[in-house]
Amino acid sequence: MKSFALLIFCWLTALAAADAPSVAETAYARGDFAGAVELWSGEIRAEGVTAGRLAALGNAEWRLGRKGRAMICWERALLIDPRDPVANAGIKHGLDAGGVDRPKPTAVEEYAMFLTADLWLLLAVAAFWVTVLCVAVPRLRGRPASEANQWTRVVALTVLALCFPGLWGSRSLDARAVIRKPEVSLRLTPTQFGEPLRGVAEGDVVRTERPLNGHMRVHTADGKTGWVRAGEIEAVRGPGLPADLDQKAAP
Amino acid sequence: MRRLLSCCVLLCLGLLARAEDRVHWEITPRVTAPGQPFRLQIMVESDIVLGGAQFISREIKPPRGMALRLSGQVIRAGSNEATFNFSGVAPEQVGEHVIPSFNLRFARKVVVVPEIRLQVSDKVSFRREAQARAELVLPDRVFYVGELIRGAIRMRGGENEAVVASYGLESLAEGFSMAVSAERQPLPDELGQGLQTTFDLTPIREGAGEFSLNGIMLVQSGEAGAFNQSGRDRPFAFRRRLMVAHVPERGRPAEWNGAIGRFVAEGLQLSKDKPEVGEPVRLRAILTGEGNLDRILPPEIRSDETWDVLPATERRRHAEDQRMFVYTLVPRLPGKLRTPAVRLATFDPATKTFSRLEFAPLEVTVTGNAPAQVDLVTADPSAPVAAAQPKPVTGLATPEPRRAAPLFRGSPTASLGEATGFWSANAAALGLVIMATTLAGVLGYLAAHPEIRRRRRARALMRAALAEAEACRRRSDARGFAVAVVRGLQSGVAARLDAEEQAMTQSDIVRVLPDADRPRLDILFTLAHSDRFARPGAPPDAATADADLALLRRLLTLP
């Protein structure tokens with residue numbers, strides 16, 4: 001009985017330790033956002049990227065006023081987990097109260113956001129292979145396909161067909177970038193002296209088209225099209241942590 | 001005694017003295033007309049065995065206007081004589097022409113050939129049109145630095161001679177760069193039979209320069225026939241002094257970019273007729289004509305309020321004698337615009353005048369809106385200021401860094417589709433499945449049709465029986481021959497009738513091969529199975545054995 005009570009105590013202690021806030025969370029809670037950024041960045045570098053860590057990092061960056069970095073973190077968190085509540089809340093906050101713009105997702109993109117790009121691809125590949133095996137196995141065994149086999153084929157083909165819009169939408173979601181510099185002009189032409197059309201704010205999400213002459217042609221959330229310098233934006237699909245754009249290149 | 005001594009001295013002198021080299025030359029004909037072909041033969045006799053001479057073409061310096069090339073040298077093994085044949089064409093100037101003395105360099109000594117004199121007289125009757133001749137086609141004027149001069153050597157056949165080939169073209173052009181553009185092309189019909197080699201000359205510096213060209217053409221006599229195909233070579237040599245000047249500065253337009261020649265502005269091409277504001281389009285200006293297309297610097301187009309101009313790479317089409325200037329234009333304003341003017345100044349060396357070329361601009365409809373215009377249209381100053389829409393109160397959620405959904409894991413760096421080996425592994429697996437399915441299908445077909453395997457086995461047995469029967473025949477083993485043939489026939493027939501081989505009789509064989517000789521089969525079977533019977537069959541003769549083997553072969557070839 002004594003040993004059982006000891007076991008229960010150890011288990012509860014472990015549970016309590018697991019639920020205890022981490023140092024980064026404590027730093028965030030007491031308003032040390034710079035410390036929280038440093039700690040979460042260190043965690044991501046050491047233990048890998050998760051949607052939760054990226055979303056938390058985005059919150060801390062937002063609190064520090066670095067909208068571009070925050071939006072990158074949240075967008076990347078949504079690439080890993082499209083239903084991450086922290087990232088979704090952060091983007092909603094940025095759009096409603098933070099003054100950032102984000103292109104409204106199309107119907108295909110809304111559909112694609114149900115799963116991640118990798119899951120859509122895995123599902124499509126699995127459905128394809130189930131279909132192939134349903135056709136191949138009866139031939140290899142030299143027997144006619146059973147009714148269950150026929151039903152499996154129909155289901156797999158249906159899943160495959162349903163995956164195509166998801167794959168297309170994921171591709172479209174990948175072709176986005178976040179404005180990273182505070183004062184960026186959307187230019188009419190991709191030249192150094194290209195006429196500025198309008199300003200785009202740091203943290204705005206834009207759809208990217210194609211590069212030319214060190215510039216990228218982008219569509220803004222309000223339908224404007226123009227060119228921004230390639231160094232002023234950061235693609236949503238990228239390494240876990242936001243790029244340090246102020247860092248000078250090695251000589 | 002005194003006489004004997006003088007005789008000895010004379011003998012010693014005769015032995016010690018070296019015989020002098022004797023050189024003779026002969027020109028045929030002795031007196032030539034201007035431009036008439038001639039042959040020169042030089043014969044050398046020496047006191048030693050001569051062998052072949054070297055560097056003759058380098059040593060001999062024919063006078064100006066005379067073409068002279070070595071045709072060949074006649075050398076006999078172990079002989080102290082050598083003969084050299086030259087082909088030549090007399091100069092156009094009447095008078096005596098001297099080929100200066102030169103050396104013939106043999107392996108063991110150098111023989112000096114004295115001056116050779118050629119008489120050219122206009123009193124000699126010679127029809128130039130009867131002989132094959134070469135002409136240099138080159139404009140007779142002052143050339144300009146950077147200009148492209150197209151020249152040609154026309155090797156025209158005559159009434160009695162035809163030009164069939166040419167070779168050995170050598171050129172010396174001081175202050176020019178030269179490139180042969182086409183060799184040994186047939187002459188245009190109006191110029192008659194012959195060949196022509198065209199070349200491009202580009203003067204690279206100012207001043208006077210010597211341009212010389214020489215080569216050899218192979219001519220054949222006019223009497224064409226199967227037995228008259230002897231060709232002979234005939235050299236040609238041209239030497240021309242060319243004057244080169246810079247393009248005059250007087251009247252030279254500021255936009256002249258080095259174009260010398262006659263050009264035509266073919267037109268402009270646009271990659272897209274209806275671009276959007278800010279969307280780059282490619283503009284191609286096509287220039288054609290005769291002149292130094294390669295050396296023209298692309299005309300500059302400056303950006304203005306309607307177009308932004310970016311540098312672009314251009315491509316040159318060599319085959320079509322045209323030059324393409326390429327620009328990337330970005331429209332700044334919407335509406336109907338005209339492409340920027342592409343202007344070019346050219347210099348015509350024939351008329352020595354400058355002229356201007358302009359590509360006709362294209363009309364482009366640019367869609368989209370200019371931001372300034374949009375603002376002007378949409379911002380109505382008289383309209384009441386719209387009250388700012390109250391934004392819903394939102395906030396950041398509490399961070400949950402340890403939240404992990406089992407389904408949603410991964411990295412935002414790159415999608416699975418971009419992973420190395422993903423698609424190749426799937427393709428490899430698909431290939432394996434297709435291979436396995438195909439293999440299973442083939443095996444299933446063979447299992448459903450066992451006669452395929454049975455007939456294949458029977459064919460192998462029949463081939464073995466055939467080989468054994470031929471071997472038995474060679475060693476005159478009549479019974480072995482019969483056994484092999486009967487075994488082969490039984491195997492083949494059994495596969496056809498789906499029966500056991502041993503059970504096959506003569507009747508079964510006749511069922512499969514209706515025209516088989518039944519009595520002969522009886523003899524074969526009797527002979528083959530003679531161990532079971534008291535009386536062995538008669539051994540077959542050669543013709544009968546051939547017929548037996550033919551029967552077996554026929555069974556083997558049945559489908």
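Two residues are in contact here if their C-beta atoms, placed from the backbone, lie within 7 Å. The model is predicted, and for that reason local features need pLDDT of at least 70 and side-chain atom pairs count only at pLDDT 80 or more, while totals for chains, interfaces and linings use all residues. Residues are numbered from 1 along each chain as its sequence is written, and chains are lettered from A, with ligands numbered from 1, in the order in which they are written.

**Chain A as a whole**

Begin by selecting chain A, which has nine helices and seven strands; helices (H or I, at least four residues) and strands (E, at least two) are DSSP runs, numbered from the N terminus. Of its 251 residues, 37% count as buried, a residue being buried if 20 or more other C-beta atoms lie within 10 Å of its own, exposed if 12 or fewer, and partly exposed in between. Among the contacts in chain A with a separation of 6 or more, 59% are between residues 24 or more positions apart.

**Helix α3 of chain A**

Next select residues 33-47 of chain A, which form helix α3. The expected span of a helix is 1.5 Å times one less than its number of residues; for the 15 residues of α3(A) this should give 21 Å, and the end C-alpha atoms are 20 Å apart, which agrees. Which residues of α3(A) are buried? They are Ala36(A), Val37(A), Leu39(A), Trp40(A) and Ile44(A), and what covers them includes α2 (23-29) and α4 of chain A. Just after the helix comes Gly48(A), whose phi is positive, near 100°.

**The largest nonpolar core**

Keep Trp40(A) selected and add Ala55(A), Trp74(A) and Ala77(A): of the 49 residues in the largest nonpolar core, these four touch the most other members. A nonpolar core is a set of buried Ala, Val, Leu, Ile, Met, Phe, Trp, Tyr and Cys residues joined through C-beta atoms within 7 Å. Helix α5 (residues 67-80) of chain A provides the largest share of this core, nine residues. Apart from this core lies another, of 36 residues, among them Ile116(B), Val120(B), Ala132(B) and Met155(B).

Centre the view on Trp74(A), which touches Ala55(A), Gly58(A), Ala87(A), Gly90(A) and Ile91(A), leaving out residues up to four places away in sequence.

**Helix α6 of chain A**

Now select residues 85-96 of chain A, helix α6, whose 12 residues reach 16 Å from the first C-alpha to the last, close to the 16 Å expected at 1.5 Å a residue. Its buried residues are Val86(A), Ala87(A), Gly90(A), Ile91(A), His93(A) and Gly94(A). Looking down the axis of α6(A), you will find these buried residues within an arc of 160°, so they line one face of the helix; the arc is that of the directions from the helix axis to the C-beta atoms. They pack against α4 (51-63) and α5 of chain A.

**Where the chains meet**

Show both chains together: the contact takes 38 residues from chain B and 54 residues from chain A. On the side of chain B that touches chain A, β21 (307-310) and α4 (422-448) of chain B each supply at least two residues, and α4(B) gives the most, with eight residues.

**Chain B and its four-stranded sheet**

Chain B on its own has nine helices and 27 strands, and 26% of its 559 residues count as buried. Select β11, β13, β16 and β15 of chain B, which in that order make an open sheet of four strands with antiparallel pairing; two strands pair if DSSP finds at least two bridges between them. The edge strands are β11 (133-137) and β15 (176-186), each of which pairs on one side only. Eight bridges join β15(B) to the antiparallel strand β16 (residues 194-203) of chain B, and the bridge partner of Gln185(B) in β16(B) is Gln196(B).

**Two last stops in chain B**

Select Glu279(B), in the loop between β19 (256-270) and β20 (281-291) of chain B. Is this residue buried or partly exposed? Glu279(B) counts as partly exposed, because it has 18 C-beta neighbours inside 10 Å. Add Val330(B), 51 residues away along the chain, and the two C-alpha atoms are separated by 5.7 Å.

Finish at helix α8 (residues 518-528) of chain B, where Leu521(B), Leu524(B), Phe525(B), Leu527(B) and Ala528(B) are buried. Seen down the axis of α8(B), the buried residues fall within an arc of 165°, so they line one face of the helix, and they pack against α6 (478-497), α7 (506-512) and α9 (542-557) of chain B.
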